[in-house]
Amino acid sequence: MAEPITLYKLMVLSMLDQSDAPLTNTLLSDFFLGKEYTTYFTLQEALHELDEAQFIRQEASHNNIQYTITPAGEESLHFFENKINSEIQSDIRQYIAENNLQITAAAAAIADYYITPEKKYAVHCQLREKGIPQLDLTLNVRNKEQAEAICANWKSQTDDIYMLLIDHLLK
């Protein structure tokens with residue numbers, strides 16, 4: 001049996017490898033804490049070490065982090081995946097299957113804001129399909145509250161906004 005932190009790292013790599021889309025910190029935490037595999041802080045340590053070793057790539061926004069596996073991570077996983085017992089592998093497969101819609105939705109609509117060099121707020125919104133941007137929109141807004149509101153509403157209204165834009169632009 002692998003050392004606990006090593007096992008957690010392999011489990012993360014396995015989850016990322018099996019998922020068709022990036023996994024958020026929230027989804028990874030839900031799996032590890034829900035199954036009582038480890039604590040939140042130990043998971044964060046494993047993620048940090050995987051990132052430092054360049055076995056995973058992270059993309060941060062103001063409200064979450066999304067992780068993907070790198071080629072080096074895939075190689076390492078395939079070399080050591082026999083260290084993950086069959087029950088854990090089954091739990092991972094089941095979690096990915098049961099949460100596939102949530103995983104895909106979390107990776108499809110992404111929004112974040114930043115302060116421009118002119119000290120204004122810009123909101124960057126993206127709609128992705130299989131990791132490829134279908135809509136990439138940056139809006140300048142007056143204040144942080146507006147930026148946060150757009151980020152919060154983007155995920156729930158992305159499809160409507162996309163269809164509205166397409167309809168108006170094809171007239």
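This is a short talk on the helices, the sheet and the aromatic rings of one structure.

Okay, before anything else: what you're looking at is a predicted model. Keep that in mind as I go.

Let's start with helices α1 and α3. Helix α1 covers residues 4–18 and α3 covers residues 40–52. How do we describe two packed helices? By the angle between their axes and the distance between the axes. Here the axes come within 9 Å and cross at roughly 70 degrees. Anything from 65 to 115 degrees goes down as roughly perpendicular, so that's the label for α1 and α3.

Who makes the contact? On the α1 side, we have I5, Y8, K9, V12 and L13. From α3 come T42, L43, E45, A46, L47, E49 and L50. Sort those by class and you get 8 nonpolar, 1 polar and 3 charged residues.

If you look down that α1 list, the helix geometry is worth having in mind: an α-helix has 3.6 residues a turn, so residues three or four places apart point the same way.

Let me zoom in on I5, which sits in α1. Is I5 buried, partly exposed or exposed? Its relative accessibility is 23%, and buried would need under 20%, so I5 counts as partly exposed. Ignoring neighbours within four places in sequence, I5 touches T42, E45, A46 and E49. There's also T38, 33 residues away along the chain from I5, with the two C-alpha atoms separated by 9.3 Å.

Next up, helix α2, residues 25–34. Its buried residues are N25, L27, L28, S29, F31 and F32. After α2 comes E36, and E36 has a positive phi, near 55 degrees.

F31 takes us to the aromatics. Searching the whole structure turns up 8 aromatic pairs. One of them is F31 with Y37: ring centres 5.5 Å apart, planes at 35 degrees, so we call that pair tilted. F31 itself, at 1% relative accessibility, counts as buried. And F31 with Y37 isn't the end of the story, as ring pairs tie Y8, F31, F32, Y37 and Y95 into a cluster. You've met Y8 already, in the α1 contact with α3.

Another ring pair is Y113 with Y121, where the centres are 6.1 Å apart and the planes sit at 55 degrees, so that one is tilted too. Y113 counts as buried at 18% relative accessibility, and Y121 counts as buried at 18% as well.

That brings us to the sheet. Which strands are in it, and in what order? It's an open sheet of 3 strands, ordered β4-β5-β6, and the pairing is antiparallel. The edges are β4, residues 109–115, and β6, residues 132–141, each pairing on one side only. Direction ignored, neighbouring strands are turned by 15 degrees against each other on average.

Now the pairings themselves. β4 and β5 are antiparallel over 7 bridges, and I110 stands opposite Q126 of β5. In the hairpin they form there are 5 residues between the strands, and K119 has a positive phi near 65 degrees. On the other side, β5, residues 121–129, is joined to β6 by 9 bridges, antiparallel again. One of the matches there is A122, whose bridge partner in β6 is N140.

So that's the tour. Happy to go back to any of it.

Conventions: Residues are numbered from 1 along each chain as its sequence is written. This is a predicted model: local features need pLDDT of at least 70, side-chain atom pairs count only at pLDDT 80 or more; totals for chains, interfaces and linings use all residues. Side-chain values use heavy atoms; hydrogens and water are left out. Buried means under 20% relative accessible area, exposed over 50%, partly exposed in between (1.4 Å probe, protein chains only). Helices (H or I, at least four residues) and strands (E, at least two) are DSSP runs, numbered from the N terminus. Two strands pair if DSSP finds at least two bridges between them. Axes are lines fitted to C-alpha atoms, for helices over the stretch in contact, and angles run from 0 to 180 degrees between N-to-C directions. Angles under 35 degrees count as roughly parallel, over 145 as roughly antiparallel, 65 to 115 as roughly perpendicular and the rest as oblique. Contact means heavy atoms within 4.5 Å. Ala, Val, Leu, Ile, Met, Phe, Trp, Tyr, Cys and Pro count as nonpolar, Asp, Glu, Lys and Arg as charged, and the others, Gly among them, as polar. Rings of Phe, Tyr and Trp (its six-membered ring) pair if their centres lie within 6.5 Å; planes under 30 degrees apart count as stacked, over 60 as edge-to-face and the rest as tilted.
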